[in-house]
Amino acid sequence: MSCGWLLRHVGAVLGVSLLVLDAAPAGADEWTFQTGAHVDAWNGSGQNGRQILAPFTLAFDTPDWGFSVRGAYGNYERSPGDVPRGSITGFTDTTVSGYYRLTGAGFEVQLGLGLDTPTGVSRLRNDQLAALTDEDLVTLDRFGEGLDINPTIVIYRNFGAVGLGVGFGYLRAGEYDPTRDVPNDDFDPGDELTGALLGDVYIADAVRVVARASYTYITADQRGGARVFREGDEVDLRLSAEWRPEPWFVVLNVRDIVRFKAERPDATGRLLTEPRNSNGNDLRGGVTVGYILSDTWTIAASAAVRYVDANDYAVGDPLRDGGRTKVAFGPSVTWSPTRTFSIAAGVAYFILDAEPSPIFPTGGTFRGVHADLRLTFRF
């Protein structure tokens with residue numbers, strides 16, 4: 001989806017794609033600062049690449065309101081095999097967001113606003129374009145886009161062991177220039193309007209089940225003021241379960257993303273619904289099993305699968321996507337010597353088996369790692 005990288009990738013409370021309808025209020029006024037490092041490295045099919053990020057988050061939360069600033073500095077490199085290596089270094093876009101929470105009569109209403117500001121590297125030289133690759137291999141597909149504005153409203157009602165919620169978000173995606181060397185190619189991604197429903201239930205004292213469903217309507221992308229493409233609308237279904245028989249904990253999650261037919265230009269430039277769906281069903285699942293060793297140490301192991309089905313176009317068609325499967329697994333550890341400081345680290349090895357597609361023209365098998373180090377300070 002075409003929107004700012006933090007609103008799309010981080011999944012914060014105010015992100016329109018991941019409306020979190022049951023966010024718990026802070027117990028007291030508190031500052032939080034997070035930093036660390038994230039590394040993606042991969043190779044396969046005659047290619048290799050890496051992405052190194054130093055992210056940061058500064059947040060202030062109270063029982064009624066809060067705000068945060070998120071961004072990163074990083075390096076993005078890729079050797080496609082058929083052209084010289086591409087490299088991008090610099091800041092990403094920075095997201096500034098805030099919320100205000102109202103409570104009364106058993107209801108909780110949260111109003112939010114996120115601004116994805118264009119502080120990142122967006123105007124790429126021709127020799128940098130080779131660095132761009134798919135989100136299955138790296139965390140960010142771009143470091144910078146335009147000014148995005150994302151207001152949200154969330155209404156939640158708790159009925160004891162059961163909670164219900166509804167949320168709406170609008171993402172106004174800003175125009176930006178994606179290249180330095182190509183004239184008159186300013187790009188204005190489509191805007192997004194999302195509605196979401198939530199239900200959560202506690203079963204006994206140790207099990208919680210959460211179900212979410214959202215629908216996103218997307219307007220047409222524009223280039224040079226002309227409508228050039230419209231992504232199909234999206235249905236996002238999620239189900240998660242937590243089981244916490246301390247000192248153990250188990251978290252399961254399943255997600256199914258259904259995208260409808262896109263609209264593409266005909267010979268006259270008019271957008272028409274494509275004859276076949278260029279989007280395959282996107283099914284994801286994951287499990288995390290952890291153990292609390294002590295008040296300061298926690299260990300865990302996770303596994304995740306993503307399966308994207310082949311689309312409706314025939315083999316040999318330029319829009320044919322044969323689908324792909326990604327499996328990732330690995331350990332993590334958290335050390336929390338005090339309430340105000342913690343260190344978390346994790347690594348996951350992944351295998352991506354991709355059939356030929358517009359994203360992976362020759363297909364192939366890719367192997368790599370995702371690694372994280374996160375330092376958290378509270379004061």
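There are 24 salt bridges to find in this structure, and since you're looking at a predicted model, everything on this tour is read from predicted coordinates. Let's pick out a few of them.

**Stop one: R306 and D136**

Select R306 and D136 and show their side chains. The two form a salt bridge, with the closest N and O atoms 2.9 Å apart. Now color by position along the chain: this pair links distant parts of it, 170 residues apart. R306 belongs to strand β19 (residues 297–308), while D136 sits in the loop between β6 (107–117) and β7 (148–158). Buried or exposed, these two? Switch on a surface to check: both R306 and D136 are buried.

**Stop two: E234 and R259**

Next, select E234 and R259. Their side chains meet in a salt bridge too, at 3.3 Å from N to O. This is another link between distant parts of the chain, with 25 residues separating the partners. E234 is in strand β14 (residues 234–243), and R259 is in strand β15 (residues 248–259). Keep the surface on here. E234 has a relative accessible area of 6%, so it counts as buried. R259 comes out at 23%, so it is partly exposed.

**Stop three: the network**

Keep those four residues selected and add E135, D282, R284, D321 and R324. Together with D136, E234, R259 and R306, they are linked in a network of salt bridges. Show the whole set as sticks and trace the connections yourself.

**Stop four: D266 and R270**

Clear the selection and go to D266 and R270. Here the closest N and O atoms are 3.6 Å apart, and the pair forms a salt bridge. How exposed is each partner? D266 is partly exposed, with a relative accessible area of 24%. R270 reaches 54% relative accessibility and therefore counts as exposed, the cut-off being over 50%.

**Last stop: a three-stranded sheet**

Leave the charged pairs and switch to cartoon. Select residues 187–188, 221–223 and 226–229, which are β9, β12 and β13. These three strands form an open sheet in the order β9-β12-β13, with antiparallel pairing. Which strands are at the edges? Those are β9 and β13, each of which pairs on one side only. Zoom in on β9 and β12: they pair in the antiparallel sense over two bridges. To see one residue pair, click F187, then find its bridge partner in β12, which is R223.

Definitions and conventions:
Residues are numbered from 1 along each chain as its sequence is written. This is a predicted model: local features need pLDDT of at least 70, side-chain atom pairs count only at pLDDT 80 or more; totals for chains, interfaces and linings use all residues. Side-chain values use heavy atoms; hydrogens and water are left out. Helices (H or I, at least four residues) and strands (E, at least two) are DSSP runs, numbered from the N terminus. Buried means under 20% relative accessible area, exposed over 50%, partly exposed in between (1.4 Å probe, protein chains only). Two strands pair if DSSP finds at least two bridges between them.
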